[in-house]
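Trainee: I would like a close look at a single part of this protein. Please take one helix and follow it outward to what surrounds it.

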Amino acid sequence: MKGKNLIYALLIIGLGGFIAYRVVSNKSKNDESKKFGDKDRPTTVTGIVVKTSTFDNDLSLSGSIEANEQIEIHSEVSGIVEGIYFSEGTYVNKGQVLFKVNDIELRAQLRQAQTKEGLAAENERRAKLLLQKEAISQEEFDVANADYASMKAQTQLIKAQIAKTSVKAPFSGKIGLRSISPGTYITPTVLVAKLVNTGKLKITFSIPEKYASQVNSHANIDFSVSGSDKIYTAKIYAIEPEIEVATRTLKIRAIADNVDGKLFPGTFADVKLPLNIIKDAIVVPSEAIVPVQDGKKVYIANMGKAKEVMVDATTRTDASILILSGLKAGDTLITSGVMSLKNEAPIKVNVKK
């Protein structure tokens, strides 16, 4: 009996395993069948009909803002600072005395030189009278005349040195923080302060060499700075005469009025440089572009399938990009789901108006 029961048990287990195998096998075939059917099911995408338009070709660049004029103030002579005649961070006028170095020794030298100059002048006068009377030779008169010229030059030299003890502003502008005090012993190597003219500012930027021929001298540019929504305008006034070999760029400089005083030298500027306006241009949304190893591609709708098209794209803005070749007016360009599309994949396009 036990043998029979064992046989029945084995038969039941085998039958159950066979049924389970059939169920799993059928389910797997159904799943494969569904997958096969999904391949033929079209993917719903969004697209636009390509049209031509006039494209204002603005090139977005980074630039730097510089002062129109900027210098470091130094003394030309060594000595004790006698007086400081400016306040830090204030506006100074051209020719204003900024500080004075003690010149007491130089003035003593000047008095001595003036005395010698007076004596040499008198000797030269007497020699001239004697020459007229032929009491001395021409050579003796020339010596007296040379002594007088030498003493006069020495006097002028000391006067020039005294003038250097009063340091004046070479142009009007705002002076920065000073590093000296009255009584400081100063030398020509000591930086006293910086003087900056911020009434006008220079904006310096570089463009790729391929755009060099499109830059118009004296053209206006727009620029903005971090922390402000205001758009400023500057005018191009200088272009470097050659391309920088290391970077293959052309340096350009524009100038702007700092009317509100809120632009500071040393800050970065976001520059928009207007290039040639392109008529009948094809401009497409940036999301339609798929970067590939050898360039850029897009997908267009072709008889219910996605068609891969290589394009030549150039200047772009935040939302669009200019197509130079590869697309034509009337093409239906796919703008959504392009990263997962494949060539010849079935699609259903919802065209945006």
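Mentor: What follows is a walk along helix H2, then its surroundings, then a few other places in the chain.

This is a predicted model. Start with the setting. The protein chain holds 3 helices and 21 strands. It has 353 residues, and 32% of them are buried. Its accessible surface is about 22500 Å², with 53% of that belonging to carbon and sulfur atoms. Now take contacts between residues at least 6 apart in sequence. Of these, 73% join residues at least 24 apart.

Now the helix. H2 covers residues 104–132, which makes 29 residues. Is its length what the rise per residue predicts? What should it span, and how far apart are its end C-alpha atoms? At 1.5 Å a residue it should span 42 Å, and the end C-alpha atoms are 42 Å apart, so the two agree.

Next, burial. In H2 the buried residues are Leu106, Leu110, Ala113, Glu117, Ala120, Glu124 and Ala127. Note that Glu117 and Glu124 are in that list alongside the leucines and alanines. What covers them? Helix H3, residues 138–164, is part of the cover over the buried residues of H2.

Met151 gives a view of that cover from the other side. Met151 sits in H3. Its relative accessibility is 23%, so Met151 counts as partly exposed; the cut-off for buried is under 20%. Set aside its neighbours within four places in sequence, and Met151 is in contact with Lys116, Glu117 and Ala120. Glu117 and Ala120 are also among the buried residues of H2. Leu119 makes the separation plain. Met151 and Leu119 are 32 residues apart in sequence, yet their C-alpha atoms are 9.1 Å apart in space.

Look at what comes just after H2. Glu134 lies in the loop between H2 and H3. Glu134 takes a positive phi of about 60°, although it is not a glycine. Buried or exposed? Glu134 is exposed, because its relative accessibility is 70%.

Arg248 offers a second case. Arg248 is not a glycine, but it has a positive phi of about 55°. Its place is the loop between strand S12 (232–239) and strand S13 (249–257). Arg248 is partly exposed, since its relative accessible area is 40%.

Go back to the stretch ahead of the helix. Strand S6 covers residues 97–101. 4 of its 5 residues are buried, so S6 is largely enclosed by the rest of the structure. Which strands pair with it? Strand S4, residues 79–84, pairs with S6 in the antiparallel sense over 3 bridges. Here Gly83 stands opposite Lys100 in S6. Strand S7, residues 166–168, also pairs with S6 in the antiparallel sense, over 3 bridges. There, Val167 in S7 is the bridge partner of Phe99. As a general point, side chains in a regular strand alternate between the two faces of the sheet.

Finish with the aromatic rings. The count is 1 aromatic pair. The partners are Phe223 and Tyr232, with ring centres 5.5 Å apart and planes at 25°, so the pair is stacked. Phe223 is buried, because its relative accessibility is 2%. Tyr232 is buried too, because its relative accessible area is 8%.

Terms used:
Residues are numbered from 1 along each chain as its sequence is written. This is a predicted model: local features need pLDDT of at least 70, side-chain atom pairs count only at pLDDT 80 or more; totals for chains, interfaces and linings use all residues. Side-chain values use heavy atoms; hydrogens and water are left out. Rings of Phe, Tyr and Trp (its six-membered ring) pair if their centres lie within 6.5 Å; planes under 30 degrees apart count as stacked, over 60 as edge-to-face and the rest as tilted. Buried means under 20% relative accessible area, exposed over 50%, partly exposed in between (1.4 Å probe, protein chains only). Helices (H or I, at least four residues) and strands (E, at least two) are DSSP runs, numbered from the N terminus. The expected span of a helix is 1.5 Å times one less than its number of residues. Contact means heavy atoms within 4.5 Å. Two strands pair if DSSP finds at least two bridges between them. Accessible areas come from the Shrake-Rupley method with a 1.4 Å probe; for residues, only the protein chains shown count as cover.
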